[in-house]
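Me: Please pick out one part of this model and look at it closely. I would like to follow some strands and the pockets beside them.

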Amino acid sequence: MHGSFYGWYLKCQSDSQTLAVIPAIHRTGRNQTCSIQIITDTGTWAIPFSADAFHREKKNLILAGNRFGEDGISLAIHTPELEAQGRLDFGPLTPLKYDIMGPFSLVPFMECRHSVWSMQHSVCGTVSINGQEYSFSNGRGYWEGDRGRSFPKKYLWTQCSFPEGSLMLSAADIPIAGIHFTGIIGAILWEGREYRMATYLGAKIVELQNQKIRVAQGDLEMEACLLEASDHPLKAPTEGDMVRTIHESASCRAFYQFRKRERTLFAFETEQASFEYEYPSCHPS
């Protein structure tokens, strides 16, 4: 019996702080557990719960008294390693025009399916993480999710919210029916307009090495480069079991550039990028 997982990634940023929360449920055989992972600028915590602590209520996930959904996040975790409590309220969400997976959302037996629930929304409120206050007044939010059996063995993922918009870009080794290919999904919200870059639209990797990726699609080109990591360990699923350790920089220094034809729409360096670079070698196979 194959394992499975389902989880959300809810990220909140102010000008000086970053907080991301990952509620998830995971199944291996007949065993089912759930967890909440919390990522800040300075550390990560993974708190396991029994399966009966998890349930859905309309458009919310509720896990041991912690609530997650389109209205926001409510935390009430009291364990020896983590005291987390408070509430963050979300403003109107900015969903994509259609599924980020495109036609791949219909392909059966994929090991991981990605969703983007909101590219950008406001965040207001305060939560306390082990006595450290994370306070957001018109902060910036981002919300995505994953479901399937396992995270890709090799992948890159990055996300950044900035005053004029928001972006996410991912490249991953995708196994289907005994073959492997590098799949790309990306969405850029820039000055109120949505741009999409993806394998199913003809996107190709021009460069992927040294923690840098450059993707071209027609007259569009996107570049993302991790300049200085500040990574912390996270748990990730392998056949539904949270036994793999990956590393995420929730808030790090990176460079982004987005071009259309010969025009640079934006190019900037930021200290508030989120990055995971799980390619062990210079180039994808």
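Reply: A strand is a DSSP run of E at least two residues long, numbered from the N terminus, and two strands pair if DSSP finds at least two bridges between them. This is a predicted model, so local features need pLDDT of at least 70 and side-chain atom pairs 80 or more, while totals for chains, interfaces and linings use all residues. Residues are numbered from 1 along each chain, and side-chain values use heavy atoms, without hydrogens or water.

Start with a hairpin. It is made of β5 and β6, with two residues between the strands. K58 takes a positive phi there, near 55°. Strand β5 covers residues 54-57, and strand β6 covers residues 60-63. The two run antiparallel, and four bridges join them. One pair to find on the model is H55 with I62: the partner of H55 in β6 is I62.

Now stay with I62 and move on to the next strand. That strand is β7, residues 66-69. Three bridges join β6 to β7, and these two also run antiparallel. In β7, the bridge partner of I62 is R67. I62 therefore has a bridge partner in each of two strands by the DSSP rule: H55 on β5 and R67 on β7.

Where does the hairpin sit in the sheet? The sheet is open and has 11 strands, with antiparallel pairing. Their order is β4-β3-β2-β1-β11-β10-β9-β8-β7-β6-β5. Read it from the right, and the hairpin comes up at once: β5, then β6, then β7. The edge strands are β4 (44-50) and β5, and each of them pairs on one side only. From one strand to the next, the twist averages 25°, where axes are lines fitted to C-alpha atoms and angles run from 0 to 180 degrees between N-to-C directions.

Strands pair in general through backbone hydrogen bonds, either parallel or antiparallel.

Next come the pockets that strands of this sheet help to line. On a 1 Å grid over the protein atoms alone, a pocket is an open set of points where a 1.4 Å probe fits, with protein on both sides within 12 Å along at least five of seven lines, and lining residues have an atom within 4 Å of a point. The volume is the space filled by probe spheres set on the points.

The largest pocket has a volume of about 280 Å³. It is lined by 15 residues. L93, P95, V116, W117 and W143 lie nearest its centre. Which strand gives the most to this lining? It is β10 (residues 112-129), with three residues. The lining divides into nine nonpolar, one polar and five charged residues. Here Asp, Glu, Lys and Arg count as charged, Ala, Val, Leu, Ile, Met, Phe, Trp, Tyr, Cys and Pro as nonpolar, and the others as polar.

The second largest pocket has a volume of about 180 Å³. It is lined by 16 residues, and H26, T33, S35, P48 and M242 lie nearest its centre. Four elements give two or more residues each: β2 (18-28), β3 (31-40), β4 and β20. Of these, β3 gives the most, with six residues. By class, this lining has five nonpolar, eight polar and three charged residues.

Now put the part together. The sheet order begins with β4, β3 and β2, and these three strands give residues to the second largest pocket. β10 stands between β11 and β9 in the order, and it gives the most to the largest pocket. The hairpin strand β5 closes the list, as an edge strand.
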